[in-house]
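Work through the exercises below with the sequence and the structure side by side. Try each task before you read its solution.

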Amino acid sequence: MWEISVSEATVKIDEKGRVMIPKNIRKAAKIKAGTYINIKISNTTIILEPAKSIAEKYSGIFPIDKWPENLDEFVVEATRKWWKNHTTT
């Protein structure tokens, strides 16, 4: 079976400014319902790209040896340590 790869399409903006991204383009960009998108503009070119998750953005900030049993306590303790190391005297 043939698979057609389309990297562009012409779509119509509705009265509320919404655009429907064709399924084959969403699939190629690995985006689905609920995915956050960054929107940028360069001159008159609009650029849409999937936003990185918060987990990816902050991954590795606090090195850990093993996953904590109580994540809330871990976050509080990690924040305390960070503030202690970054305070000015």
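**Exercise 1. Decide whether Trp83 is buried, partly exposed or exposed, and do the same for Trp82.**

Solution. In this predicted model, begin with the relative accessible area of Trp83, which is 51%. A residue counts as exposed over 50%, so Trp83 is exposed. For Trp82 the relative accessibility is 36%, and because this value lies between the cut-offs of 20% and 50%, Trp82 counts as partly exposed.

**Exercise 2. Find how many aromatic pairs the structure has, and classify what you find.**

Solution. A search of the whole structure gives 1 aromatic pair. The two partners are Trp82 and Trp83, whose ring centres lie 5.0 Å apart and whose planes meet at 85°. To describe a pair of aromatic rings, one needs the distance of the centres and the angle of the planes. Planes over 60 degrees apart count as edge-to-face, so the pair of Trp82 and Trp83 is edge-to-face.

**Exercise 3. List the elements of the chain in order, and describe how E1 and E2 are joined.**

Solution. Start with the count, which is 3 helices and 2 strands. Read from the N terminus, these elements follow the order α-β-β-α-α. Next, look at the strands: E1 and E2 run antiparallel and are joined by 6 bridges. As an example of a bridge, Ile41 has Ile46 in E2 as its partner. Finally, look at the connection, where 2 residues separate E1 and E2 in a hairpin.

**Exercise 4. Which residues form the nonpolar patch on the surface, and which strand gives the most to it?**

Solution. The patch consists of Ile37, Ile39, Ile41, Ile46 and Leu48, which together have about 520 Å² of accessible area. Now assign the patch to elements: strand E1 (37-42) and strand E2 (45-50) each supply at least two of its residues, and E1 gives the most, with 3 residues. Take Ile39 as a case to check, since this residue is placed in strand E1. With a relative accessible area of 63%, Ile39 is exposed. When thinking about strands, keep in mind that in a regular strand the side chains alternate between the two faces of the sheet.

**Exercise 5. Locate the 3 salt bridges and give the distance of the closest N and O atoms in each.**

Solution. Side chains of opposite charge can pair when their charged atoms come close. Taking the 3 salt bridges of the structure in turn, one joins Arg18 to Asp14, with the closest N and O atoms 2.7 Å apart. Arg18 is partly exposed at 47% relative accessibility, and Asp14 is partly exposed at 25%.

Another salt bridge joins Glu49 to Lys40, where the closest N and O atoms are 2.8 Å apart. Here Glu49 is partly exposed, with a relative accessible area of 30%, and Lys40 counts as partly exposed at 42%.

The remaining step concerns Arg80 and Glu77, whose closest N and O atoms are 3.9 Å apart. A salt bridge requires these atoms to be within 4 Å, so the pair of Arg80 and Glu77 is counted. Both residues lie in helix H3 (residues 71-86), 3 residues apart, which is about one turn of the helix. Arg80 counts as exposed at 56% relative accessibility, whereas Glu77 is partly exposed at 35%.

**Exercise 6. Where in the chain do Lys30 and Asn43 lie, and what is the sign of phi in each?**

Solution. Lys30 is found in the loop between H1 and E1, and Asn43 lies in the loop between E1 and E2. Phi of Lys30 is positive, at about 60°, although this residue is not a glycine. Asn43, also a residue other than glycine, has a positive phi near 60°. To finish, check the accessibility: Lys30 counts as exposed at 73%, and Asn43 counts as exposed at 76%.

**Exercise 7. What percentage of the 89 residues of the chain counts as buried?**

Solution. Of the 89 residues, 4% count as buried. Set beside this the accessible surface of the chain, about 9300 Å², of which 56% belongs to carbon and sulfur atoms. As for contacts with a separation of 6 or more, residues 24 or more positions apart account for 2% of them.

Conventions:
Residues numbered from 1 in each chain as written. Predicted model: local features only at pLDDT ≥ 70, side-chain atom pairs only at ≥ 80, totals over all residues. Heavy atoms only, no water. Helix = DSSP H or I, 4+ residues; strand = E, 2+ residues; numbered from the N terminus. Buried < 20%, exposed > 50% of the residue type's maximum accessible area, 1.4 Å probe, protein only. Contact = heavy atoms within 4.5 Å. Areas by Shrake-Rupley, 256 points an atom, 1.4 Å probe, with all protein chains shown as cover. Patch = residues over 30% accessible without salt bridge, like charges linked within 9 Å, V, L, I, M, F, W, Y side chains within 5 Å. Salt bridge = Lys/Arg side-chain N within 4 Å of Asp/Glu carboxyl O. Phe/Tyr/Trp six-rings, centres within 6.5 Å; stacked < 30°, edge-to-face > 60°. Pairing = 2+ DSSP bridges.
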